[in-house]
Amino acid sequence: MPENNNRKNNRNKGKPEIFAAPPAVEETPALPEVLPVMPVRGMVLFPDMILPLLVTETRDTSLVNQVLLGDRFLALAPFFGENENEVKSEELYEFGCAGVILKMLKIPDGSVRLLVQGIRRLKLEKYLQQKPFFIAQTRQFDDVLEDGMKLDALHRSVRDQFTRLIELLPQAPEEVRVAAVNITHPGRFADLVAANINLSLQERCMILGEPNVRARLEKVSALIGRELQIVELGSKIQEDVKEKIGKGQREYFLREQLKTIRRELGEDDDAALEVEELKEALAKARLPEEAKKEADRELKRLERMQPGSAEYTVVRTYLDWMATLPWSKKTDDRLDIPGARKILDEDHYDLTKVKDRIVEYLAVRKVHPKGRSPILCFSGPPGVGKTSLGRSIARAMGREFVRISLGGVRDEAEIRGHRRTYIGALPGRILQGLRKAGTNNPVFMLDEIDKLTSDLRGDPSAALLEVLDPEQNNSFSDHYLDVAFDLSQVIFITTANQLDTIPPPLRDRMEILQIPGYSEEEKMQIARRHLLPRVLSEHGVDRNRIRIDASAVRKIIGEYTREAGLRNLERSLATVVRKLVVKIASGKRGVFKVGAPDVKKYLGAKTYFDQNVSRAEMPGVAVGLAWTATGGDVLFIESAKMAGKKHLELTGHLGDVIKESAQAALSWTRSHAAELGVQDNFFEDADIHIHFPEGAMPKDGPSAGITLVASLVSLLTKKSIAPRLAMTGEITLRGKVLPVGGIKEKMLAARRAGIRKVIIPAANIHDLDELPPEVKRDLEFHPIHEISEMLPVAFPEKKPHRKKAIRRI
């Protein structure tokens, strides 16, 4: 119960114990306000308590000699510093206790033993002397006692807690037990508890500095409650340990007797039965030779182990994994080419290129069954159907489908598994997925492969190099199994939103199939064929009860779900259906029809507004086209000229590549100023500011080069660019226009924004073949090889208008 103070004190090097003093006389002796102060380390003296001290320091010895010559009064203050040889006044606690020396005994080695009794709390107001020892001006105070039932109840509660604690600690000193019974004053009782339970120095100082008895009891109650919980928990732990030891010994003797009985009866024990079951399971699994050799070795080890040992569980789990993995289980492929085409068409609209590649694979598989499986990577914006395509492939081939998400995976062990030396080790997610599928040739989808990360625990993308390499994955080694597993029969399909974040070695092992966004007409067909029937089915509604017109779907697509994929479109349709289901559940009858005017009632104000392409009808503003991970978008570029010192300012959260394109655009414009009808020295005494609106969105890439040139030429010639014209293309300093990517996504975005003419690099003409017919119909394309070919399209010559005669009256 007293704190076990092994921390050495330069003045008090014994093991101090704080005892309760016998009931003190009611009158507290008069104390002088100026008292010598003795620092004590690791201990706190409370009023009416007795504290033994061992004084070794010369300074403190001189203090004791001075006190003994007078009235024997001194002040004891807790010391918080680290340097025991140099005690500073700032390192002493501001509250202390006045005491009187009861006994003193000098030791031959020069140290002094003291017995000090606390008298009254005090606060060290001001230090009047630092050397040879501390003397301080003090303010002494007595307990602030409040009468009332609450104080009595709190006193009894603390007394009961302290009694319970003493009962749990048989080593508590007998004098403390006696004092706990005899002390009736609540303040003195709180001090007794604080002095004799296991508290930190800061907690004891907190009790010492509290003059209000009720507040002191509340703090002591909380501290003793905590100590009681710790002691009770420790007692419970000791009892549990004793019980387990006794139970373990009893079970050991009973188990040995049971073994003897079964041996006499000729029966096997449970461990032997378990080993036999594992043998049968391993035999049915038809393991390869290497795996069978390792399994037999571990099985022999298991037979020699005691079932109660920790290693037994590790080996047992390992053999269970070996027995349940699909080493030789496979499904027969359904290689019906017309049937597979039908299934793909049922599940997905359009995506002709992707479907053709899948059918080609099935055809090759039918002709050459032992051929290698390709590693396909579906790349495209969210919600275009990448994951559902994998399910369709599995359904068309009659294979199992397994999907794992790689987003945020940063540990190599997630792919290769943990070694068995680790507690709780398991195989990697590849083998876990195969066990879940139950076959060794499922369609295995690795979702979000572009979101892999790495840290000190390894690079999971490096582990995937073996998984996704047809030359290596026939002997994939998992750290947990430590034997080769054949993954060559698995069809691995990966998905990604963007390819830039995939490491080049990993990307090289995959066949990339781009799945761009859908046009408005394609979304209309998908909503009619797939989304709306699925939403109605999920909400348990008959298709004849709710009818959503094509005009309503078109309005939802254009004003509420402007995206490359279909997720928000499906959510919006589900929102409309739920609103109508509420009416059906309320008892309303009839057929509910939703037209374009009703959409606002169900979905609220529209979310997207048409791009105001008329903004480009002023000098210095051009419309570009950009590719993003979520599809294409329209990009406005604004230029302004002002007096300055030949400075080009670029704003709008731009990357390094697009900044370099702006520099190239300005250089080309300056070098062709005469051809453009602009003064050669237009940049000498001017600054040019190029801004990309929507500055919160990061922008980068080279495809804005031609648009930057158009914006600068428009600014300098003070001519507006042709209305409803957008452009994309990378430029060189010599005026060449280079091809760019993402043409389909950019053209879809242009059509959504109301663009009618688009300038593209001539090298991108072949990309127009992939556009939907309605996009080709609504857009007029102008392929160019050089920047000079852009000028007549962007700045057409205006035909002179004849002035009409004004008839005067």
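**Exercise 1. Work out whether Ile-237 is buried, partly exposed or exposed, and say which patch includes this residue.**

Solution. Start with the relative accessible area of Ile-237, which comes out at 45% in this predicted model. Buried needs under 20% and exposed needs over 50%, so at 45% Ile-237 is partly exposed. Next, place the residue: Ile-237 is found in helix α6, residues 213-265. Finally, look at the company: Leu-233, Ile-237 and Val-241 make a nonpolar surface patch of about 260 Å².

**Exercise 2. Classify the ring pair Trp-327 and Phe-485, then say which parts of the chain the pair ties together.**

Solution. A pair of aromatic rings is described by the distance of the centres and the angle of the planes. The structure holds 9 aromatic pairs. For Trp-327 and Phe-485, the centres are 4.8 Å apart and the planes sit at 50 degrees, so call this pair tilted. Planes under 30 degrees apart would count as stacked, and over 60 as edge-to-face.

Now for location. Trp-327 is in the loop between α9 (310-324) and α10 (337-347), while Phe-485 belongs to strand β12 (residues 484-485), so the pair ties together parts that are 158 residues apart in sequence. Check the surroundings too: Trp-327 is buried at 10% relative accessible area, and Phe-485 is buried at 2%.

**Exercise 3. Do the ring geometry and burial for Phe-682 and Phe-683.**

Solution. Take the geometry: 6.3 Å centre to centre and 45 degrees between the planes, a tilted pair. The cut-off for pairing is 6.5 Å between centres. Then burial: Phe-682 has a relative accessible area of 5% and is buried, and Phe-683, at 5%, is buried as well.

**Exercise 4. Find which rings have Arg-159 and Arg-420 over them, and say what else Arg-420 is linked to.**

Solution. Arg-159 puts its charged end over the ring of Phe-189, 4.4 Å from the centre. For Arg-420, the ring is Tyr-318, and the distance to the ring centre is 3.8 Å. Then turn to salt bridges: Arg-420 is also part of a network with Glu-294, Arg-297, Glu-298, Arg-301 and Glu-311.

**Exercise 5. Describe the salt bridges Asp-296 to Lys-292 and Glu-210 to Lys-219, with the burial of each partner.**

Solution. A search of the whole structure gives 43 salt bridges. Take Asp-296 and Lys-292: their side chains meet at 3.3 Å, N to O. Both lie in helix α8 (residues 289-304), 4 residues apart, or about one turn of the helix. Asp-296 is partly exposed at 32%, and Lys-292 is partly exposed at 41%.

In the bridge between Glu-210 and Lys-219, N to O is 3.0 Å. Glu-210 is buried at 15%, whereas Lys-219 is partly exposed at 27%.

**Exercise 6. Compare the span of helix α23 with the expected value, and say how many of its residues are buried.**

Solution. Helix α23 (residues 705-717) has 13 residues. From the first C-alpha to the last, α23 reaches 18 Å, close to the 18 Å expected at 1.5 Å a residue. Then count burial: 13 of the 13 residues are buried, so α23 is largely enclosed by the rest of the structure. One last step along the chain: just after α23, Lys-718 takes a positive phi of about 60 degrees.

Technical notes. Residues are numbered from 1 along each chain as its sequence is written. This is a predicted model: local features need pLDDT of at least 70, side-chain atom pairs count only at pLDDT 80 or more; totals for chains, interfaces and linings use all residues. Side-chain values use heavy atoms; hydrogens and water are left out. Rings of Phe, Tyr and Trp (its six-membered ring) pair if their centres lie within 6.5 Å; planes under 30 degrees apart count as stacked, over 60 as edge-to-face and the rest as tilted. Helices (H or I, at least four residues) and strands (E, at least two) are DSSP runs, numbered from the N terminus. Buried means under 20% relative accessible area, exposed over 50%, partly exposed in between (1.4 Å probe, protein chains only). A charge sits over a ring if NZ of Lys or CZ of Arg is within 6 Å of the ring centre and within 35 degrees of the ring normal. The expected span of a helix is 1.5 Å times one less than its number of residues. Patches are made of residues with over 30% relative accessible area and no salt bridge: like charges are joined within 9 Å, nonpolar side chains (Val, Leu, Ile, Met, Phe, Trp, Tyr) within 5 Å. Accessible areas come from the Shrake-Rupley method with a 1.4 Å probe; for residues, only the protein chains shown count as cover. A salt bridge is a side-chain nitrogen of Lys or Arg within 4 Å of a carboxyl oxygen of Asp or Glu.
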